[in-house]
Amino acid sequence: MTLYTEGQNGGSKLSVRGVTAGGSLFAGSGTVAYYVDEVPFGLVKTAVVPDANAYDLERVEALRGPMGTLYGASALNGVVRIMSKQADLEDFEFKARTSISNTKDGGDNYRADMAVNIPIIEDKLAARAVIGYSDLSGWIDNSINSDTNDGELSNLRLNIKAQPTDRLSVELTNWFSRNEFGAPSVAPVPLRSPSTIDEPLSNDYNLHGLTVRYEFDGFTVTSATSYMEYESRGLQDIAAGFATLFTGLFSEVFSQEIRLHSTGEGDWQWSGGAFYREAKDDLLQTLPELLPAPIAWTDESESVAIFGELTRLFKGGDIEVTAGLRYFEDDVGVFETVRNTGVASEPLIAATSSYDTITPRLLLSWAPRDDMKVYASYSRGFRSGFDQNPLVLTVAPDFTAVEEDTLDNYELGFKGSLFEDHLLVDASVYYMDWSDVQQTVGVPLGPDVTVITPINAGDASGPGIDLGLTYNSPVNLQVGVTLSWNDLTLDSEVLSEGVVLFDEGDRLSDSSEVTAGVFVKYLLNLPATGLSAELAYTSNYHSEMVSRSVSGGSASLTEANTILNARASAKLFGQDDWVATLYVDNLYNEQGTVQAFPGEDVLQSRLRPRTIGLQFEYFYQ
């Protein structure tokens with residue numbers, strides 16, 4: 001997996017096994033489905049996801065490969081789920097943490113978080129509240145100010161859980177997040193941007209989820225209802241202060257899912273359900289120095305799906321055979337709200353299209369023993385299509401809409417423990433076949449007319465391997481290594497403005513060939529003090545990502561850097577009620593380009609430089 005912060009929007013862009021969206025903004029939805037608890041975070045035509053650095057998390061789930069059968073559109077090659085801790089019906093709990101740190105070439109940073117769990121009616125009703133605030137220093141200078149990309153982040157989360165009966169449970173989850181930045185963390189050189197104006201940026205979202213579960217005899221029914229509001233605003237200096245681009249994205253998404261799962265102990269197990277989603281993205285861009293009118297339109301999507309899986313167990317459950325299907329329909333439309341030509345008498349552009357697809361999944365697994373599993377699988381993921389935007393339809397009213405793209409994955413894998421549980425192994429080999437890849441290219445429509453737009457630009461395919469090893473020694477030492485390689489390349493050349501943008505065998509933009517990670521943890525007791533300590537080191541690596549564009553009739557290649565981001569920490573544990581941590585983030589002060597924006601040197605994404613901090617945590621229960 002790779003993740004980086006997108007410069008113009010400030011959101012994050014995900015990829016798994018090299019499969020990623022052709023653009024972050026307005027060029028198609030993401031290739032990795034993203035969930036915050038039971039709330040699906042997905043926009044109609046934008047691939048960004050929010051910051052997941054939240055306090056009081058239960059776990060983060062990362063599922064590799066197509067997940068279209070269970071998770072639907074945009075689970076083209078993976079799913080990430082951010083799972084917060086839910087309210088506890090039995091015990092009162094309070095915990096808090098605070099930290100202070102300093103960023104090299106920047107300044108001081110502050111953070112404070114607090115969580116409290118209160119049983120209101122024992123075993124029946126409880127509430128859990130979390131609040132957090134961060135003040136982050138900037139480290140990039142521009143032509144008029146120093147440390148312009150400072151940030152102020154605040155969040156609030158409230159979870160209410162009710163258990164009226166042993167069979168019925170109700171959970172209400174609310175997330176509120178506000179992120180304000182003085183400027184994006186982008187620059188052509190690590191510490192200096194050529195911008196001559198302030199470029200403030202904000203990302204806000206509200207998430208609301210209602211989950212109701214009822215356990216019948218033999219099966220469970222779950223209803224997940226969610227509503228999301230997302231807003232992003234940003235200014236960008238695109239002409240040395242003579243032209244300022246404002247971009248605003250305002251989204252609303254409602255979803256309703258019903259899931260049924262068998263709970264019996266027989267040889268047959270099953271699950272199924274239905275899904276409904278209604279989404280709307282309002283785009284507003286202004287460039288008063290160059291454009292006669294704002295760019296303003298609404299993208300809408302209304303989709304429905306039904307899905308199911310059936311599992312047959314053999315040999316007492318040692319062998320499992322699973323088959324699943326999902327049927328999906330999506331009605332997508334784009335509706336201009338201000339005529340971009342500036343001529344009010346011209347009719348507003350509107351276009352609609354419908355898409356449908358079936359995604360299958362087959363899985364055969366064998367467990368030679370309880371702590372070991374070997375599997376073979378085939379699965380398909382998909383991403384919905386969409387109509388061309390009004391800027392394109394103004395000059396080419398009949399231009400073809402973007403069709404859905406699909407990815408077929410064939411995989412063999414092994415998961416298990418060896419040597420008396422001292423070594424954990426997670427290994428797989430796979431082959432991906434990505435059809436009708438959505439890519440943004442320049443399309444010539446006449447002698448003097450070229451439009452830059454997403455199209456279905458051919459197919460891509462290739463093999464890959466994933467390997468994860470974790471060693472737990474008898475002397476409180478844990479060492480882990482992960483390695484992922486893929487050879488996902490295009491099957492044919494891709495043209496842009498009549499010029500070859502990708503040759504056959506080229507990698508797609510923003511696609512890493514190799515990702516790797518290392519972690520080491522050592523726990524030691526301090527007998528004379530009654531305390532214990534932990535020394536830890538983690539590092540993550542990804543190979544360079546490239547971006548391609550056409551300018552002046554020739555193709556250009558913009559390369560990012562290989563990135564190695566490491567963290568070292570030393571923790572001191574009190575008597576179950578406090579932890580003090582000394583840490584260093586970006587240990588090697590990595591300052592390379594994480595992601596290079598095609599044709600725009602000024603929009604190269606950067607990591608925060610080396611940051612040294614001290615954190616204190618307190619627990620009461």
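Tutor: Let's begin with a definition: two strands pair if DSSP finds at least two bridges between them, a strand being a DSSP run of E with at least two residues, numbered from the N terminus. The structure above is a predicted model, in which local features need pLDDT of at least 70, side-chain atom pairs count only at pLDDT 80 or more, and totals for chains, interfaces and linings use all residues. Residues are numbered from 1 along each chain as its sequence is written, and side-chain values use heavy atoms, leaving out hydrogens and water.

Student: Thanks! In what order do the four strands of the open sheet stand?

Tutor: The pairing in this open sheet is mixed. Reading across its four strands, the order is 4-3-6-5.

Student: Where in the sheet do strand 4 and strand 5 stand?

Tutor: Strand 4 (39-40) and strand 5 (57-64) each have a single partner strand. One side of each is therefore left without a neighbour in the sheet, which places both at the edges.

Student: Which residue is the bridge partner of leucine 63 in strand 6?

Tutor: Strand 5 pairs with strand 6 (residues 78-84) in the antiparallel sense, over seven bridges. Within strand 6, leucine 63 has as its bridge partner valine 79.

Student: Is leucine 43 buried or exposed?

Tutor: Look first at the loop between strand 4 and strand 5, where leucine 43 has its place. Its C-alpha lies 13 Å from that of glycine 385, although the two residues are 342 apart in sequence. Buried means under 20% relative accessible area, exposed over 50% and partly exposed in between, with a 1.4 Å probe and protein chains only. With a relative accessible area of 3%, leucine 43 is buried.

Student: Now to the hairpin of strand 20 and strand 21. Which residue in its turn has a positive phi?

Tutor: Strand 20 (residues 405-418) and strand 21 (residues 423-435) run antiparallel and are joined by 13 bridges, with asparagine 409 bridging to methionine 432. Four residues lie between the strands of this hairpin. In the turn, a positive phi of about 55° belongs to phenylalanine 419.

Student: How many bridges join strand 21 to strand 24?

Tutor: Strand 24 spans residues 460-472 and runs antiparallel to strand 21. One contact to find is tyrosine 431, whose bridge partner in strand 24 is proline 463. The number of bridges joining strand 21 to strand 24 is twelve.

Student: On to charges. How many salt bridges does a search of the whole structure find?

Tutor: Side chains of opposite charge can pair when their charged atoms come close. Here a salt bridge is a side-chain nitrogen of Lys or Arg within 4 Å of a carboxyl oxygen of Asp or Glu. Searching the whole structure gives a count of 31.

Student: With which residue does glutamate 38 form a salt bridge?

Tutor: The closest N and O atoms of the glutamate 38 salt bridge to arginine 259 are 3.0 Å apart. Glutamate 38 lies in the loop between strand 3 (33-36) and strand 4, while arginine 259 is in strand 14 (residues 244-262), so the pair ties together parts 221 residues apart in sequence. Both residues are buried, and both belong to a salt-bridge network that also links Lys161, Glu171, Arg213 and Glu257. The partner you asked for is arginine 259.

Student: Is glutamate 346 buried or partly exposed?

Tutor: Arginine 339 meets glutamate 336 in a salt bridge (3.1 Å, N to O), and arginine 339 also meets glutamate 346 in one (3.1 Å, N to O). Glutamate 336 counts as buried at 5% relative accessibility, as does arginine 339 at 11%. At 30%, glutamate 346 counts as partly exposed.

Student: Which strands each supply at least two residues of the nonpolar patch?

Tutor: Nonpolar patches join side chains of Val, Leu, Ile, Met, Phe, Trp or Tyr within 5 Å, using residues with over 30% relative accessible area and no salt bridge. This one covers about 670 Å² and includes Phe92, Ile118 and Tyr620. Another member is Phe616, which is partly exposed at 39% relative accessible area. The strands are strand 8 (108-121) and strand 35 (611-620).

Student: Finally, in which strand is the place of aspartate 331?

Tutor: Glu278, Glu300, Glu302, Glu329, Asp331 and Asp356 gather in a surface patch of negative charge, where like charges are joined within 9 Å. Strand 16 (295-314) and strand 17 (319-338) each supply at least two of the patch residues. Aspartate 331 is partly exposed, with a relative accessible area of 43%. Its place is in strand 17.

Methods: Accessible areas come from the Shrake-Rupley method with a 1.4 Å probe; for residues, only the protein chains shown count as cover. Lys and Arg count as positive and Asp and Glu as negative; His and the chain ends are not counted. The place of a charge is taken as NZ of Lys, CZ of Arg, CG of Asp or CD of Glu.
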